[in-house]
Amino acid sequence: MTRFALVALPLLALAAPLPASASEMQGAVATLNDPATQDRMAETITAMVGALMQMQVGPLAKAVAQIDPESDAAYIPPDATLGEVAGRDPEYAERMGDDVRASTRMAGHAASALAAYAPVLKDMARDLAAQWERERADARR
């Protein structure tokens with residue numbers, strides 16, 4: 001689940017409301033389609049996941065084992081890292097970064113398509129709002 005959440009980060013930009021102006025939309029599209037931005041996002045995630053996998057969990061496992069001696073935490077070595085406990089291989093952080101890079105490219109393509117359709121979507125929304133107003137007025141007669 002964590003992997004999905006991290007990979008989906010670039011897609012969150014698409015969940016935001018349409019920008020007020022076309023220039024704002026083009027700015028978001030340009031940012032998501034910028035290879036340097038994609039690389040920075042991927043490198044950031046790679047560094048974060050790499051650091052997280054090196055975090056020692058032995059003290060936490062010891063505390064859990066003191067509360068619940070029957071738990072599996074009692075068998076975790078004191079110097080174990082999260083990566084060792086999770087069973088992740090050393091290339092996990094790099095693969096996660098590659099996934100983020102690919103997801104950002106995909107979000108850029110989706111944002112480009114959304115920008116192209118934005119005028120049509122705005123017209124549709126305006127038409128639907130007008131139709132709703134007419135229906136509401138008819139229902140009140």
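Of the 141 residues in the chain of this predicted model, 24% count as buried. The accessible surface of the chain amounts to about 9700 Å², and carbon and sulfur atoms contribute 62% of that area. Among contacts with a sequence separation of 6 or more, 75% join residues that lie 24 or more positions apart.

The secondary structure consists of seven helices and zero strands. Read from the N terminus, the order of elements is accordingly α-α-α-α-α-α-α. Helix 7 spans residues 92-140 and contains both partners of one of the salt bridges described below, Arg-101 and Asp-98.

Six salt bridges are present in the structure. One of them joins the side chains of Arg-95 and Asp-89, with an N to O distance of 3.0 Å. Both partners fall in the intermediate class of accessibility: Arg-95 is partly exposed at a relative accessible area of 35%, and Asp-89 is partly exposed at 34%. Neither residue is counted as buried, because that class requires a relative accessible area under 20%, whereas the values are 35% for Arg-95 and 34% for Asp-89.

A further salt bridge pairs Arg-101 with Asp-98, and the closest N and O atoms of this pair are 3.0 Å apart. The two residues are separated by three positions within helix 7, about one turn of the helix. Asp-98 is partly exposed, with a relative accessible area of 44%. The pair also belongs to a network of salt bridges in which Asp-39, Asp-98 and Arg-101 are linked.

Arg-141 and Asp-138 form another salt bridge, in which the closest N and O atoms lie 3.3 Å apart. The accessibility classes of these partners are not alike: Arg-141 is exposed, with a relative accessible area of 76%, while Asp-138 is partly exposed at 44%. Arg-141 is placed in the exposed class because its relative accessible area of 76% is over the 50% cut-off. Asp-138, at 44%, remains in the class between the 20% and 50% limits.

How values were computed
Residues are numbered from 1 along each chain as its sequence is written. This is a predicted model: local features need pLDDT of at least 70, side-chain atom pairs count only at pLDDT 80 or more; totals for chains, interfaces and linings use all residues. Side-chain values use heavy atoms; hydrogens and water are left out. A salt bridge is a side-chain nitrogen of Lys or Arg within 4 Å of a carboxyl oxygen of Asp or Glu. Buried means under 20% relative accessible area, exposed over 50%, partly exposed in between (1.4 Å probe, protein chains only). Helices (H or I, at least four residues) and strands (E, at least two) are DSSP runs, numbered from the N terminus. Contact means heavy atoms within 4.5 Å. Accessible areas come from the Shrake-Rupley method with a 1.4 Å probe; for residues, only the protein chains shown count as cover.
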